[in-house]
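Hello,

Here is the structure I promised to pass on. Please open it first, then read the notes below.

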Amino acid sequence: MTTHHGHHHPQRHGHAHGHHHDQGARAALRYLRLLPWMWHSELNEAVVHDLALQPGERVVDLGAGAGAATAVAARRGAQVLAVDPMPFMRTVLGLRRRLHRQGDAIEVRDGAAEAIPAEEGSVDALWTVNTLHHWTDRDAAARELARVLVKGGRVLLLDEAFDDAAHPGHAHFQERRRRSGLHFDEVAPASLAEALRAAGFAHAEGSRTHFAGRPVKLIRATR
């Protein structure tokens with residue numbers, strides 16, 4: 001396993017990383033049911049393609065889940081730090097790393113947007129897919145992204161807009177949310193882009209738009 005990212009691993013007041021909805025056995029069971037849909041994702045593939053990753057670049061898949069984007073990035077020759085706050089998902093990522101032909105290019109670590117286990121100025125590109133609504137402190141996350149990115153480093157952050165009736169999963173999402181009772185804070189792309197600029201990003205813009213054929217909340221930024 002590569003260790004190019006070092007071992008900077010800030011803890012937040014001694015608590016587990018991530019949103020409280022992602023902790024415990026119920027969260028693991030929820031994600032176990034979703035695993036078949038998380039293993040392969042055209043949306044994750046499109047994110048990696050959009051960032052135009054180059055061989056040897058050091059990249060972070062933040063909230064990597066089952067590693068759909070991590071696997072694609074490793075195939076492109078990038079050195080991938082796959083970060084997830086859930087022990088269950090890190091177990092899945094570890095299995096995927098062992099099965100992957102470029103598994104030596106993948107490192108799996110505990111962490112979250114507010115506590116990224118990477119050294120200052122060590123990351124060329126970073127992305128996250130469908131985790132923005134899990135971030136617990138978006139200003140702190142913006143500062144953490146600014147800390148780990150190299151000058152000129154690229155960031156692509158997005159959440160699918162399941163609340164948009166045009167999204168193909170809209171009805172299913174609404175029903176699943178009703179049954180589970182889960183509630184997350186609304187993601188405001190423009191506000192998150194503003195937080196990134198305040199944290200030191202040279203450029204950041206956020207909007208509701210379409211990406212890979214579906215409505216999303218998207219933020220692009222350059223350090």
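How many helices and strands does the protein chain have? The answer is 7 helices and 7 strands. Please keep in mind that this is a predicted model.

The order comes next. Along the sequence, the elements of the protein chain follow α-α-β-α-β-α-β-β-α-β-α-α-β-β.

Now the chain as a whole. The protein chain has 223 residues, and 52% of them count as buried. Its accessible surface is about 10,600 Å². Carbon and sulfur atoms hold 52% of that surface. I also looked at contacts in the protein chain with a separation of 6 or more. Of these, 71% are between residues 24 or more positions apart.

Next, one part of the fold: strand β3. Its neighbour β2 covers residues 79-83. The two strands run parallel, and 4 bridges join them. One pairing to look up is Leu81, whose bridge partner in β3 is Glu107. Helix α4, residues 87-99, belongs to this part too. Together, β2, α4 and β3 form a β-α-β unit, and the unit is right-handed.

Which residues of β3 are buried on each of its faces? Ile106 and Val108 are buried on one side. Glu107 and Arg109 are buried on the other. Both faces of the strand are therefore covered, as buried means under 20% relative accessible area.

Two loop residues round this off.

The first topic is Gly111. This residue sits in the loop between β3 (106-109) and β4 (123-129). Is Gly111 buried or exposed? Its relative accessible area is 1%, so Gly111 is buried. Now find Leu62. In sequence, Gly111 and Leu62 are 49 residues apart. In space, their C-alpha atoms are 8.3 Å apart.

The other topic is Ala202. Its loop lies between α7 (189-198) and β6 (203-211). Is Ala202 buried or exposed? Ala202 has a relative accessible area of 64%, so this residue is exposed. Which residues does Ala202 contact, leaving aside its neighbours within four places in sequence? They are Thr222 and Arg223. Thr222 is 20 residues from Ala202 in sequence. From C-alpha to C-alpha, Ala202 and Thr222 are 5.9 Å apart.

To find your way, start at β3 and its parallel partner β2. Then go on to the loop with Gly111. Finish at the loop with Ala202.

Best wishes

Note on methods
Residues are numbered from 1 along each chain as its sequence is written. This is a predicted model: local features need pLDDT of at least 70, side-chain atom pairs count only at pLDDT 80 or more; totals for chains, interfaces and linings use all residues. Side-chain values use heavy atoms; hydrogens and water are left out. Buried means under 20% relative accessible area, exposed over 50%, partly exposed in between (1.4 Å probe, protein chains only). Contact means heavy atoms within 4.5 Å. Accessible areas come from the Shrake-Rupley method with a 1.4 Å probe; for residues, only the protein chains shown count as cover. Two strands pair if DSSP finds at least two bridges between them. A crossover is right-handed if, with the strands pointing away from the viewer, the path from the first strand over the helix to the second runs clockwise.
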